[in-house]
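Trainee: I would like to go through the labels on this model. Please show it, and I will ask for the reasoning behind each one.

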Amino acid sequence: MHVIVDRELCVGAGLCVLSAADLFDQNEEDGQVVLRDAAAQLSTERALAAAQLCPSGALSAVEGTAR
Amino acid sequence: MIDALHIPDFPMQRTCPFDPPQEYAKLRVEHPVSQVRAPTGQIAWLVTRYEDIRMLLNDPRVSADRRHPNMPLTEEVTPQTRRNIAEVGRSLIGLDRPEHGPRRKMLMAEFTVRRMAAMRPHIQHTADELIDAMLAGPREVDLLTALALPTPTRTLCELLGLSYDARDIIQRSANAQLRRSVSAEERQQTSAELRAYVDQVVREKTAAPTDEDLLGRLVLSNRETGLYDHELMVGLTMLLLVAGHETTASMIALGVTGLLQQPEKIPGIVADPAAAAAAVEELLRYFTVVDALPRVAVGDIEVGGVTIRADEGILLSFASANWDDEAFPDAATLDLARPARKHLAFGYGIHQCIGQNLAREELHIVFRTLFSRIPTLRLGADLDDLPFKKDSNIYGIDALPVTW
Ligand code: HEM
Ligand code: SF4
């Protein structure tokens, strides 16, 4: 699994960073989420946890490998 | 059909110091969406289940616009106060998509996890100074006045770039909002005093902004976006001061009472930052100081077996959601080690608390510093005799006597 990000939806709550600082960061300029490695393969559990914690639907967990 | 006689009042009364109103458990099972009467007399739909609330908070048919006449307020208000709430709301918290996004974005970079972590030395210094003062005096202290209130006051002054003489005004106003013994007139008066002060500060910052503090940077970025006129900037500053104050102060006070129920867990929390971080999330969940927030439907919505019609008011009970066993097994148990971060104590959706990571830092530092410096701290009265605000939508305590 991997995670995709819709930056437009991000409200900068930072929950993704708090929970998985190895996967997510926040841009200094605008506070929006940055995926450290868009190609990162995640366990289903971690991908779903990140997507579920995000309050604004900016993160989704998707099956398969990132292209 | 609405049967006016059988619609319960909201807020519902708490019976135990720590538990949300008992009715919520029954409502979650039998009537997850049901009608209540707000203190303003308005009838609104009370939503009590975790999943329903999360769904509604990302539904475009749910509006946060405080100007809507059916927006159910959780306190009795004068027409003037209602206008003020609507006005402050226009700065951020009462905006819907798409107006909300650009304004939230102006603040987001200020509240990142990294920026809030950079506040640690200031918060630590504040906590140490306040605890020094406690230790220098008699061993009987109201922790609300000695620590819980001044910590957020000083942190917000530091963050926003307000001078220290602001402390008095801000604290007087927060104190007046927080304590029920204060009369409505006095409340209105301190709030007007704060508004006049904020008005003047915004004028000063607008005339000579620096990039050294949040308000200065906001003024500078506003020169580019032009999203905030003077009134809105005053509203936003008021929002930051008010939203970040009573909530954090109440959480500090309640959190200490919660921790003192499980004294055997405290040394582990003092010693281990990860254990402290987990404890902070669980205390946020367990106490949920902001019980319910108001919304209004702008389209018909099917939820929990009922249809909420356009223009009907909605109250989302975060306190109930956070005690929903479906989301948190054995939710009524304070389990300081459980993974609780998905709680709704900071709300959900686009308005989820922008100051949450500042609040986390404050709680983390205050709890650990207090119990590492005063390990023998204990309540100065019986738990059941403490003045918990059992009839208030913002949960808290009027005073917290402690000794050591
Ligand atoms: C324990 C402490 C806190 C709690 C429990 C809390 C709770 C909340 C909740 C439940 C909301 C959602 C409101 C809604 O959906 O209508 C919210 C929003 C907000 N909070 Fe907090 N808060 C806390 C601390 C802070 C701090 C420290 C600040 C700022 C310095 C702050 C600033 C805000 C702002 C500006 C909003 C509105 C965000 C928006 O509309 O986009 N809060 N807070
Ligand atoms: S949790 Fe969601 S809204 Fe918050 S910073 Fe991450 S992506 Fe953005």
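**Labels and cut-offs**

Mentor: Start with B:Arg172, which is partly exposed at 39% relative accessibility. The model is predicted: local features need pLDDT of at least 70, side-chain atom pairs count only at pLDDT 80 or more, and totals for chains, interfaces and linings use all residues. Residues are numbered from 1 along each chain as its sequence is written, chains are lettered from A and ligands numbered from 1 in the order in which they are written, and side-chain values use heavy atoms, without hydrogens and water.

Trainee: Why is B:Arg172 called partly exposed?

Mentor: Buried means under 20% relative accessible area, exposed over 50%, partly exposed in between (1.4 Å probe, protein chains only). B:Arg172 has 39%, so partly exposed fits.

Trainee: What makes B:Arg172 and B:Glu193 a salt bridge?

Mentor: The term asks for a side-chain nitrogen of Lys or Arg within 4 Å of a carboxyl oxygen of Asp or Glu. Here N to O is 2.6 Å, so the pair qualifies.

Trainee: Why does B:Glu361 count as buried?

Mentor: Its relative accessibility is 11%, and the limit is under 20%, so B:Glu361 is buried. B:Glu361 also forms a salt bridge with B:Arg120, at 2.8 Å between the closest N and O atoms.

Trainee: How do you know that B:Cys353 is a donor to the iron atom of ligand 1?

Mentor: Donors are N, O and S atoms within 2.8 Å of the metal (3.2 Å for Na, K and Ca); water is not among the atoms, so sites may look incomplete. SG of B:Cys353 is 2.3 Å away, so it counts, as the single donor from the protein.
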